[in-house]
Amino acid sequence: MKFREIKNNIYYCGLNDVDRVIFDELIPLEHGTTYNSYLIKGAEKTAIIDTMYPPFIEKYLNNLDENDVKNVDYIIANHGEQDHTGAIPALLEKFSNAKVVTNATCKSNIKEMLLVDEEKFITVKDGDTINLGGKTLKFISAPGVHWPDTMFTHLIEDNLLFTCDFLGAHLPFDDLYSENDEKLVESAKRYYAEIMMPFRMLCKKYADLVETISPDMVLPSHGPLHNKPEFILNLYKEWSSDTPKNMVLIPYVSMYKSVEEMAFYLKKKLESKGVNAVCYDVIEDGLGDIAMCLVDAATIVLGASMVLASPHPAAANVAYIANLLKPKAKFASFIGSYGWGGNLFDKLSDMLPNLKVQIIEPVLVKGKPTNASFELLDKMAESIYEAHKEAGIN
Ligand code: FEO
């Protein structure tokens with residue numbers, strides 16, 4: 001496959017992976033993903049920025065041959081996770097004089113994960129540069145988006161910023177550049193929710209930093225390239241802002257439809273008050289959609305049936321994931337139904353220590369919801385409506 005030129009002597013040498021259905025054995029992929037890699041030819045030296053996911057190494061190396069890449073001097077590792085570093089050992093074997101250029105934290109990760117020897121590295125700090133001959137690479141520390149080892153690389157003369165996972169999307173592409181279409185916005189949001197949201201404050205900080213650098217293009221390590229960086233930066237600013245939307249997320253697990261009936265009733269009641277509400281059946285709908293809603297929701301109402309006197313494991317899993325993702329929700333509550341007893345709310349709320357939420361009175365019923373249960377749900381809807389109003393969320 002012929003490499004596509006991004007700018008003079010700067011090439012895209014990444015690959016689409018349209019068949020991949022899950023990432024890290026955790027994140028469902030709607031469309032597959034890409035592993036972006038870039039080749040930069042200076043007047044004197046050649047560099048590769050980020051490499052390849054292990055199962056694609058052979059194809060990646062064949063492409064380098066087909067494009068007549070005879071020498072690589074530097075392999076820039078912006079981050080140590082193996083979907084980007086997987087081909088480093090093979091590249092070091094192929095180009096025996098090449099050095100891996102990265103920061104100390106990433107070096108340590110690569111040494112331990114890929115067993116690369118110390119003498120193969122050049123260690124750089126924030127602000128260090130390497131000159132390829134008319135093309136200067138400047139390294140910018142960006143720890144926390146999303147690993148402690150992350151850095152960006154700025155190609156100064158061409159004003160291109162390589163941001164690794166930050167500002168990416170799990171979305172294969174044919175045209176290199178992102179279009180402001182619905183599919184990309186959804187993929188980028190899903191990716192932000194699942195990968196970047198736990199580091200929301202750092203996302204804000206680095207989105208501001210990227211804006212200050214003002215690159216002509218942002219080149220991430222997954223998904224389309226951004227030749228209009230303000231498009232993705234504006235989305236990140238919205239998603240990482242402190243203000244949630246006037247929206248209630250109601251993920252639920254319902255063994256005998258009682259919790260489902262309560263969830264739909266609550267949704268209808270909230271909507272009648274002008275509060276958006278979204279119900280997800282955790283068993284049917286999957287965690288990706290729920291994660292996306294967590295980006296915006298002001299309130300989370302988790303619904304669960306009881307299993308052996310405890311919350312259904314699928315509801316506990318949603319609580320566990322929500323706690324890991326640290327959404328900006330301000331309020332939370334619970335709805336549930338039991339057969340013979342047990343503790344639902346304490347167990348679920350104990351699973352949410354990372355959420356800075358005010359708890360709204362939950363509703364628990366034995367068996368099917370009755371008129372009395374619906375009155376309690378009316379009160380819950382009213383409490384949520386008032387809480388949003390007082391918090392200025394509308
Ligand atoms: Fe795409 Fe954190 O690896």
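**Entry 1. Helix α1**

I take buried to mean under 20% relative accessible area and exposed to mean over 50%. The model I am reading is a predicted one.

I looked first at helix α1, residues 57-66, and listed its buried positions: Ile57, Tyr60, Leu61, Asn63 and Leu64. These residues lie on the same side of α1, because they cover an arc of only 155° around the axis. An α-helix has 3.6 residues a turn, so residues three or four places apart point the same way.

I then asked which exposed residues sit on the face turned away from the buried side of α1. I found Glu58 and Glu66 there.

Next I looked up what covers the buried residues of α1. The cover includes two strands, β3 (15-17) and β8 (46-49), together with the helix α3 (88-94). Just after α1, I noted that aspartate 68 takes a positive phi of about 60°.

**Entry 2. The protein as a whole**

I stepped back to the whole protein and recorded 13 helices and 23 strands. The C-alpha trace spans about 80 × 40 × 35 Å along its principal axes. Of the 394 residues, 57% count as buried.

I also checked how far apart in sequence the contacting residues are. Among contacts with a separation of 6 or more, 72% are between residues 24 or more positions apart.

**Entry 3. Helices α6 and α7**

I turned to helix α6 (residues 200-213) and helix α7 (residues 229-240), whose axes come within 9 Å and cross at roughly 150°. Angles over 145 degrees count as roughly antiparallel, and α6 is therefore roughly antiparallel to α7. I recorded the crossing of α6 past α7 as left-handed.

Which residues meet where α6 and α7 touch? From α6 I listed Arg200, Cys203, Lys204, Ala207, Asp208, Val210 and Glu211. From α7 I listed Leu233, Tyr236, Lys237, Trp239 and Ser240. Sorted by class, the residues of this contact are six nonpolar, one polar and five charged.

**Entry 4. Helices α5 and α10**

I examined helix α5 (residues 182-196) against helix α10 (residues 287-294). Their axes are 8 Å apart and the packing angle is about 85°. With that angle, α5 is roughly perpendicular to α10.

On the α5 side I found Glu186, Lys189, Arg190, Ala193 and Glu194 making the contact. On the α10 side I found Gly288, Asp289, Ala291 and Met292. The class count for α5 with α10 is three nonpolar, one polar and five charged residues.

**Entry 5. Helices α8 and α13**

I looked up α8 with helix α13 (residues 371-390), and found an angle of about 45° with the axes 9 Å apart. At that angle α8 is oblique to α13. The crossing of α8 and α13 is right-handed.

The α8 residues in this contact are Glu261, Met262, Tyr265, Leu266, Lys269 and Leu270. They meet Phe374, Leu377, Asp378, Met380, Ala381 and Ile384 of α13. How many residues of each class does the contact of α8 with α13 have? I counted nine nonpolar, no polar and three charged residues.

**Entry 6. Lysine 257**

I placed lysine 257 in the loop between β17 (245-252) and α8 (258-272). Lysine 257 is not a glycine, although its phi is positive at about 75°.

I asked whether lysine 257 is buried or exposed. Its relative accessible area is 53%, and lysine 257 is therefore exposed, the cut-off being over 50%.

I also looked up lysine 257 against glutamate 25: the two are 232 residues apart in sequence and 30 Å apart in space, C-alpha to C-alpha.

**Entry 7. Leucine 308**

I found leucine 308 in the loop between β19 (297-307) and β20 (310-311). Phi of leucine 308 is near 50°, which is a positive value in a residue other than glycine. Leucine 308 counts as exposed because its relative accessibility is 72%.

**Entry 8. A cis peptide bond**

Which two residues does a cis peptide bond join? I identified valine 145 and histidine 146, with omega at about 10°. I located histidine 146 in the loop between β13 (136-141) and β14 (151-155).

Conventions. Residues are numbered from 1 along each chain as its sequence is written. This is a predicted model: local features need pLDDT of at least 70, side-chain atom pairs count only at pLDDT 80 or more; totals for chains, interfaces and linings use all residues. Side-chain values use heavy atoms; hydrogens and water are left out. Buried means under 20% relative accessible area, exposed over 50%, partly exposed in between (1.4 Å probe, protein chains only). Helices (H or I, at least four residues) and strands (E, at least two) are DSSP runs, numbered from the N terminus. The arc is that of the directions from the helix axis to the C-beta atoms. Contact means heavy atoms within 4.5 Å. Axes are lines fitted to C-alpha atoms, for helices over the stretch in contact, and angles run from 0 to 180 degrees between N-to-C directions. Angles under 35 degrees count as roughly parallel, over 145 as roughly antiparallel, 65 to 115 as roughly perpendicular and the rest as oblique. A crossing is left-handed if the near helix is turned anticlockwise from the far one by less than a right angle, and right-handed if clockwise. Ala, Val, Leu, Ile, Met, Phe, Trp, Tyr, Cys and Pro count as nonpolar, Asp, Glu, Lys and Arg as charged, and the others, Gly among them, as polar.
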